[in-house]
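Q: I have a structure open here and would like to talk through some of its side-chain pairs and helix contacts. Could you take me through it?

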Amino acid sequence: MTVRILALLLVFITGPVFAVDTGIPAFNITTEPGGATNYSVTLQILILMTMLTFLPAIIMMMTSFTRIMIVFAILRQALGLQQTPSNQILIGLTMFLTLFVMGPVLDKVYVEAVQPYMNEELNVLQAIEAGSGPFREFMLYQTRESDLDLFMTISNTPQVATPAEIPFRVLVPAFVTSELKTAFQIGFMLFIPFLVIDLVVASVLMAMGMMMLSPVIVSLPFKIMLFVLVDGWAMVIGTLAASFGF
């Protein structure tokens, strides 16, 4: 973070100097004949670097990452495995599954925003606006109307004529709330069969008078065996991918 701040300060300090020496404006904003605003390359790079700092938040709050990660965490807890699979493995699997689910959305962003911007058909602001469209469509499809109404009421946002007019400051928290609800619903369904195994093992141990033996130790192999026999990972991943239905 310190290196990044120093680099930005260096750009701000030396940018005007180089602009004077070479005759190339470092920070220049021009208005095109159509009324659109165009920024110099230096400002475009600065905007891009600033947006990259928000990339982790964008991945967690505007994609399928949250739902998938919570389901995996609940699954690990239901199995009774505290550190297996490790957090690194779960995050890596979640990232690649997120890329798989968000593939159509990212393809739309590339076609509608990135490619026209690289061909100089759109400026920076137009490319950002075009790129936000597929993400908005994805989030609206996954968000419950009750959550949208809740945050629109809290923020005193007036009713909109079309879903495309919903501001991101309302859509993003509503989307995250819906994702949390869906993730906990899927996690609850995953927890039930393992909970039944724990109850059966605890009842058997108590009937045998082995109250000093932890039921978790005895039930763990049975839960792992059940999960392997039903091909649990394929079922969970397939269910998660199909739950988006986008």
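A: Gladly, and please keep in mind that this is a predicted model. A place to begin is Asp198, which is partly exposed because its relative accessible area is 21%, and buried would mean under 20%.

Q: Which residue does Asp198 form a salt bridge with?

A: Its partner is Lys223, with the closest N and O atoms 3.3 Å apart. Asp198 belongs to helix α9 and Lys223 to helix α10 (residues 215-229), so the salt bridge ties together parts that are 25 residues apart in sequence.

Q: And is Lys223 buried or exposed?

A: Lys223 counts as buried, at 2% relative accessibility.

Q: How many salt bridges does the count come to?

A: The count comes to four. Among them is the pair of Glu179 and Arg67, whose closest N and O atoms are 2.6 Å apart. Glu179 sits in helix α9 (residues 168-207) and Arg67 in helix α4 (residues 65-79), so far along the chain that 112 residues separate them.

Q: Are those two buried or exposed?

A: Glu179 is buried at 0% relative accessibility, and Arg67 is buried as well, with a relative accessible area of 1%.

Q: Changing topic, at what angle do α5 and α6 pack?

A: Helix α5 (residues 87-101) and helix α6 (residues 103-118) pack at about 60°, with their axes 4 Å apart, and the two are therefore oblique to each other.

Q: Which residues make that contact?

A: Leu99, Phe100 and Val101 contribute from α5, while Gly103, Pro104 and Leu106 contribute from α6. Five of the contact residues are nonpolar, one is polar and none is charged.

Notes:
Residues are numbered from 1 along each chain as its sequence is written. This is a predicted model: local features need pLDDT of at least 70, side-chain atom pairs count only at pLDDT 80 or more; totals for chains, interfaces and linings use all residues. Side-chain values use heavy atoms; hydrogens and water are left out. Axes are lines fitted to C-alpha atoms, for helices over the stretch in contact, and angles run from 0 to 180 degrees between N-to-C directions. Angles under 35 degrees count as roughly parallel, over 145 as roughly antiparallel, 65 to 115 as roughly perpendicular and the rest as oblique. Contact means heavy atoms within 4.5 Å. Ala, Val, Leu, Ile, Met, Phe, Trp, Tyr, Cys and Pro count as nonpolar, Asp, Glu, Lys and Arg as charged, and the others, Gly among them, as polar. A salt bridge is a side-chain nitrogen of Lys or Arg within 4 Å of a carboxyl oxygen of Asp or Glu. Buried means under 20% relative accessible area, exposed over 50%, partly exposed in between (1.4 Å probe, protein chains only).
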